[in-house]
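Colleague: Could you take me through this model? I should like to begin with the overall fold and then turn to some individual residues.

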Amino acid sequence: MKKPVIGILPLKDIETGKEWMSDNYTNAVFRSGGIPLVFPLTDDNDRLRDLLGAVDGVLFSGGPDIAPEKYGEAPDPTVKVSPERDGMELKLLPMAIDAGIPVFCICRGEQLLNVALGGTLWQDLPSMRDCGVDHNQSGEHYAHRNAVLPSTPLASLIGEREILVNSLHHQAIKALAPALMPMAVSEDGLVEAVYMPEKSFVWGVQWHPERSFDVSEDSRKIFAAFISACK
Ligand SMILES: [Mn+2]
């Protein structure tokens with residue numbers, strides 16, 4: 001059987017302007033039985049349709065903050081954005097969902113999913129919300145625990161229990177989009193995983209399973225569920 005092709009949204013260094021990709025994402029897709037295909041940045045509608053037509057699933061990668069104007073707020077001074085990524089991803093994500101293509105959204109991707117469907121974000125967690133845990137711990141460290149909520153696809157996949165997650169985020173979901181349901185919540189009450197109930201696989205996670213792929217069976221199971229949905 002043909003392996004599913006997974007489009008991956010490119011990373012963009014906001015200092016140098018260079019597009020790039022981390023092999024954490026591509027290796028996680030390879031090792032889960034998919035073929036990774038890194039998309040170029042574009043917001044041209046024809047090109048976006050062509051890119052979607054070439055893949056069986058789309059992985060929205062991590063990255064900088066989403067411009068707060070996209071959810072109707074003036075930006076906090078701490079916010080760093082990539083207008084090119086916002087421009088492409090806020091078009092591509094609804095197109096993929098409408099087309100019924102499985103979508104897996106990591107970190108920035110999870111925030112993008114929430115914004116694209118009408119939700120809002122905490123623009124600067126450390127100054128705006130009293131967090132009991134460190135959500136922006138650098139490196140591969142497990143920063144906090146998330147409770148997997150009952151009767152969710154994540155609970156069906158890995159069990160209704162607490163999971164340790166790495167956590168490297170400056171922003172987070174504030175108002176959850178109406179079309180999304182929470183799947184996991186941090187110790188200090190942030191929604192850190194979401195899904196769209198009426199779709200086969202539209203998932204977002206606030207942590208980085210691609211970074212913990214080697215050391216976390218939970219991460220491997222989540223990637224395997226995504227690739228399986230793309231077949
Ligand atoms: Mn976190």
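Modeller: The answers below go from the whole chain to one helix and then to single residues.

Modeller: This is a predicted model, in which local features need pLDDT of at least 70 and side-chain atom pairs count only at pLDDT 80 or more, while totals for chains, interfaces and linings use all residues. Residues are numbered from 1 along each chain as its sequence is written.

Colleague: How many helices and strands are there in the protein chain?

Modeller: The protein chain has 7 helices and 13 strands. These are DSSP runs numbered from the N terminus, with helices being H or I of at least four residues and strands E of at least two.

Colleague: What radius of gyration does the chain have?

Modeller: The value is 16 Å, which agrees with the figure near 17 Å for a compact globule of 231 residues. The radius is taken over C-alpha atoms, and the globule rule is 2.2 Å times the number of residues to the power 0.38. The C-alpha trace spans about 45 × 40 × 30 Å along its principal axes.

Colleague: What percentage of the residues is buried?

Modeller: Buried residues account for 43% of the 231. A residue is buried if 20 or more other C-beta atoms lie within 10 Å of its own, exposed if 12 or fewer, and partly exposed in between, with C-beta atoms placed from the backbone.

Colleague: Let us move to α3. Which of its residues are buried?

Modeller: Among them are Arg85, Asp86, Met88, Glu89, Leu92 and Leu93. The buried residues of α3 pack against β2, α2, β5, β6, α4 and β13.

Colleague: How far apart are the ends of that helix?

Modeller: The end C-alpha atoms of α3 (residues 83–98) are 23 Å apart, in agreement with the 22 Å expected for 16 residues. The expected span is 1.5 Å times one less than the number of residues. Just after α3, Gly100 has a positive phi of about 75°.

Colleague: And Cys107: is it buried or exposed?

Modeller: Cys107 counts as buried because it has 27 C-beta neighbours inside 10 Å. Cys107 sits in the loop between β6 (103–106) and α4 (108–116), and its phi is positive, about 55°, although it is not a glycine.

Colleague: Where is Ser151 found?

Modeller: Ser151 is in the loop between β8 (142–148) and α6 (153–158). Its phi is near 60°, again positive in a residue other than glycine. Ser151 counts as exposed, with 9 C-beta neighbours inside 10 Å.

Colleague: Finally, how far apart in space are Lys2 and Lys231?

Modeller: They are 8.3 Å apart, C-alpha to C-alpha, although 229 residues separate them in sequence. Lys2 lies in the segment before β1 (5–8).

Methods
Two residues are in contact if their C-beta atoms, placed from the backbone, lie within 7 Å.
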